[in-house]
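Work through the following exercises with the sequence and coordinates at hand. Each task is followed by a stepwise solution.

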Amino acid sequence: MKKKLWLVLFILGLLPFVVLLIGGIYASMIGFSPIWMNTIHYGWDAFRNHVILWSYLYWPSYIVGMILIIVSMIIKKGK
């Protein structure tokens, strides 16, 4: 059971960061337009705006992700 627990915790800890990158790549290709802007941004601007807005709204997910990664490393090292 503990053999796979560290791997599950590690993958769960990486999820917020992977979702951020996938969302940023998606926004850069499809376009990103927050409510307060009247234009649609593409490319690097869209990626950057998505990452900034996502980080502002969902910053607790980074903390939870880092805690899960640290716990998984502790479990892995404890073997």
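**Exercise 1.** Which residues form a nonpolar patch on the surface, and what is their accessible area together?

Solution. The model is predicted: local features need pLDDT of at least 70 and side-chain atom pairs count only at pLDDT 80 or more, while totals for chains, interfaces and linings use all residues. Residues are numbered from 1 along each chain as its sequence is written, and side-chain values use heavy atoms, with hydrogens and water left out.

Step 1. Fix the criterion: patch residues have over 30% relative accessible area and no salt bridge, with like charges joined within 9 Å and nonpolar side chains (Val, Leu, Ile, Met, Phe, Trp, Tyr) within 5 Å. Areas come from the Shrake-Rupley method with a 1.4 Å probe, and for residues only the protein chains shown count as cover.

Step 2. The patch consists of Val8, Leu12, Leu15 and Val19, which together have about 310 Å² of accessible area.

Step 3. Take Val19, a residue of helix 1 (residues 2-30). Its relative accessibility is 37%, so Val19 counts as partly exposed (buried is under 20% relative accessible area, exposed over 50%, partly exposed in between; 1.4 Å probe, protein chains only).

**Exercise 2.** Determine the secondary-structure content and overall dimensions of the chain.

Solution. Step 1. Helices (H or I, at least four residues) and strands (E, at least two) are DSSP runs, numbered from the N terminus. The chain has 3 helices and 0 strands, in the order α-α-α from the N terminus on.

Step 2. The C-alpha trace spans about 55 × 20 × 15 Å along its principal axes.

Step 3. The radius of gyration, taken over C-alpha atoms, is compared with a globule rule of 2.2 Å times the number of residues to the power 0.38. For a compact globule of 79 residues the value would be near 12 Å, but the chain has 16 Å.

Step 4. Of the 79 residues, 24% count as buried.

**Exercise 3.** Compare the end-to-end span of helix 2 with its expected value, then sort its residues by side.

Solution. Step 1. The expected span is 1.5 Å times one less than the number of residues. Helix 2 (residues 44-57) has 14 residues and should span 20 Å; its end C-alpha atoms are 20 Å apart, which agrees.

Step 2. Ala46, Phe47, Asn49 and His50 are buried in helix 2. They cover an arc of only 170 degrees around the axis, which puts them on the same side of helix 2 (the arc is that of the directions from the helix axis to the C-beta atoms).

Step 3. Trp44, Ile52 and Tyr56 are exposed on the other side of helix 2.

**Exercise 4.** Locate the salt bridge.

Solution. Step 1. The criterion is a side-chain nitrogen of Lys or Arg within 4 Å of a carboxyl oxygen of Asp or Glu. The count comes to 1 salt bridge.

Step 2. The side chains of Asp45 and Arg48 meet at 3.3 Å, N to O. Both residues lie in helix 2, 3 residues apart, about one turn of the helix.

Step 3. Asp45 is partly exposed at 33% relative accessible area, and Arg48 is partly exposed at 36%.

**Exercise 5.** Find a C-alpha separation that links distant parts of the sequence.

Solution. Step 1. Ile75 is placed in helix 3 and is partly exposed, with a relative accessible area of 23%.

Step 2. Ile75 and Leu5 are 70 residues apart along the chain, and their C-alpha atoms are separated by 8.1 Å.
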